[in-house]
Structures are given as C-alpha cells and as structure tokens.
Amino acid sequence: MPDILKILVNASLLFGLFPSSQRHALVTPVLKKPHLDPSIPNSYRPISNLSFVSKLLERVVARQLTTHLESNGLIPALQSAYRRNHSTETALLKTCNDALMAADNGIVTLVVLLDYSAAFDTVDHSIMLDLLERRCGLTDDALRWRTSYLHCRSYAIVSGGATSETVELSCGLPQGSSLGPLKFVVYAADLHAVTRHHNVSYTASLTTHNCTGTQPSKMCN
C-alpha cells in the first residue's frame, strides 16, 4: 500500500473519522432478475459505486470488525454468507439436513422463509450504533468512526448517462460496500435469539432468514 494511503487509513482510525468526501455514492440501478419489468422501480437493486479510498477504508475496518465479532462469538453460529467458510450453500444444506433428520424421527417440519424487502435500505442508524455499542462492545474511537461513517451520507442515481440530484440518507447501508453486509448481519442477529427463545432451529443467509420448526407445536413468525 502506498505511504499516502497508509497515512490516510491510520489517521482515519486514530481520530475516529470517516472522511466526509468519501460518504457520497453514485447509485446504479441493476435489474434483480432478467425477467422483471424494467419499468417498475422495485425491479431494481441499487448498487452503490464508491470511491477507491472509501472501499479501502471499509475493507480495513471490516477485517478488524470481523475478527472482533468472531473471536467474541458475536456472529450467530448458523449465519451464512459474508462469513468465511459459510456460503449461502451451507444454509441450504443445514435446512435440508434438519428436515431429513426430523423426517427420520417422524417429526413434521415447517419451514418459514423471511425475505426482507429492501433490507439494507431499512437499517436505522441509531439502532445500528446502539447494537454496535451495547451488543458488540464498541466504544471510543471505534464507535466514533462508525458514527462518522453513517452520518451525513448521500447518493445520486446514475442511469442512461444522466445523474439525479444529490439526496441525503437518514437510514440504510450502501449496497456494494464492504461494511454494509457485515453491519446488516449484526443488525439482524437478534432474530436468532428470538427463534432460540421459541425453541425453533434457525439458519441465516444474509437478507433471507430460514426458520425451521422441528416440533409441530412450534411456529416461526
């Protein structure tokens, strides 16, 4: 890494400040699936095109945060996607294996799939910061950096060679970033505690959470 970038990254972490110039994103709408109607806004996924410096800073912090979460057992054990050695395939294998084992024991399995609509866009910044502090134990410069990262973010839509007006974000996480998926995993982790309280097995693959009830009297809502 060039010295100037090292100085920038170290200064950002030392002072707990994410540069304001790196909080703006150019959002490119991408069709979620080829067969969807392109005239309907909900058919698109908003991918944030971020600067190189922004992505570099995020990657450094994401690596540190991942190490902290894993070493302290703060990521649900059955969380798949955006986790080393845990792809969405592991979530599918876990669900199928639980169903097969339940069938062998004569137990009925009920599977409930929760598909969050515009999941990243619904993240409340104040709740996110509270979770990072209360649940993940982040304080001082570490928490200030993440507050700075979420504060005063903005975006503009780029499509067909035209650019929209800049809009400030009061909630949400940028899709296409290194920290966005990791922060959402932390944001949605409490769902694991809810399913465990009701004695329902659970697997998660980022924005889709699969709850498999292996007792007829139990349901996952």
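Two strands are taken to pair if DSSP finds at least two bridges between them. With that criterion in hand, the tour of this predicted model may begin with the whole chain and then proceed to the strands, the helices and the salt bridges.

**The whole protein.** Display the full cartoon. The protein contains seven helices and nine strands. Of its 221 residues, 36% are buried. Colouring by accessibility will show a surface of about 12700 Å², of which carbon and sulfur atoms supply 57%. Among contacts with a separation of 6 or more, 64% join residues that are 24 or more positions apart.

**Strand β1 and its two partners.** Select residues 24-31, which form β1, together with residues 153-159, which form β5. These two strands pair in the parallel sense over four bridges. Next, add residues 44-49, the strand β2, which pairs with β1 in the antiparallel sense over six bridges. Centre the view on L26. Opposite L26 in β5 stands A156, while in β2 the residue opposite L26 is N49.

**The loop before α3.** Move to Y82, located in the loop between β3 (79-80) and α3. Is Y82 buried or exposed? Its relative accessible area is 58%, and a residue counts as exposed over 50%, so Y82 is exposed. Now select L182 as well: the two residues are 100 positions apart along the chain, yet the C-alpha atoms of Y82 and L182 are separated by 6.9 Å.

**Helix α3.** Select residues 88-104, the 17 residues of α3. At 1.5 Å a residue the helix should span 24 Å, and the distance of 25 Å between its end C-alpha atoms agrees with this. Highlight A91, T95, D98 and A102, the buried residues of α3. Turn the view to look down the helix axis: these buried residues fall within an arc of 65°, so they line one face of the helix. The face turned away from the buried side carries exposed residues, namely E89, L92, L93, L100, A103 and D104. Beyond the helix comes G106, whose phi is positive, near 70°.

**A salt bridge within α3.** How many salt bridges does the structure hold? There are three. For one of them, show the side chains of D98 and K94, which meet at 2.4 Å, N to O. D98 and K94 are four residues apart in α3, so about one helical turn separates them. D98, already highlighted on the buried side, has a relative accessible area of 14%. K94 is partly exposed, at 25%.

**Salt bridges in α4 and α5.** Select helix α4, residues 125-134, and show D130 and R134, which lie four residues apart, about one turn of the helix. The closest N and O atoms of this salt bridge are 3.2 Å apart. R134 counts as exposed, at 56% relative accessibility, whereas D130 counts as partly exposed, at 35%.

Finish at helix α5, residues 140-150, where D141 and R144 lie three residues apart, again about one turn of the helix. The salt bridge between R144 and D141 brings their closest N and O atoms to 2.2 Å. Both partners are partly exposed: R144 has a relative accessibility of 45%, and D141 has a relative accessible area of 28%.

Terms used
Residues are numbered from 1 along each chain as its sequence is written. This is a predicted model: local features need pLDDT of at least 70, side-chain atom pairs count only at pLDDT 80 or more; totals for chains, interfaces and linings use all residues. Side-chain values use heavy atoms; hydrogens and water are left out. The expected span of a helix is 1.5 Å times one less than its number of residues. Buried means under 20% relative accessible area, exposed over 50%, partly exposed in between (1.4 Å probe, protein chains only). The arc is that of the directions from the helix axis to the C-beta atoms. Contact means heavy atoms within 4.5 Å. Accessible areas come from the Shrake-Rupley method with a 1.4 Å probe; for residues, only the protein chains shown count as cover. A salt bridge is a side-chain nitrogen of Lys or Arg within 4 Å of a carboxyl oxygen of Asp or Glu.
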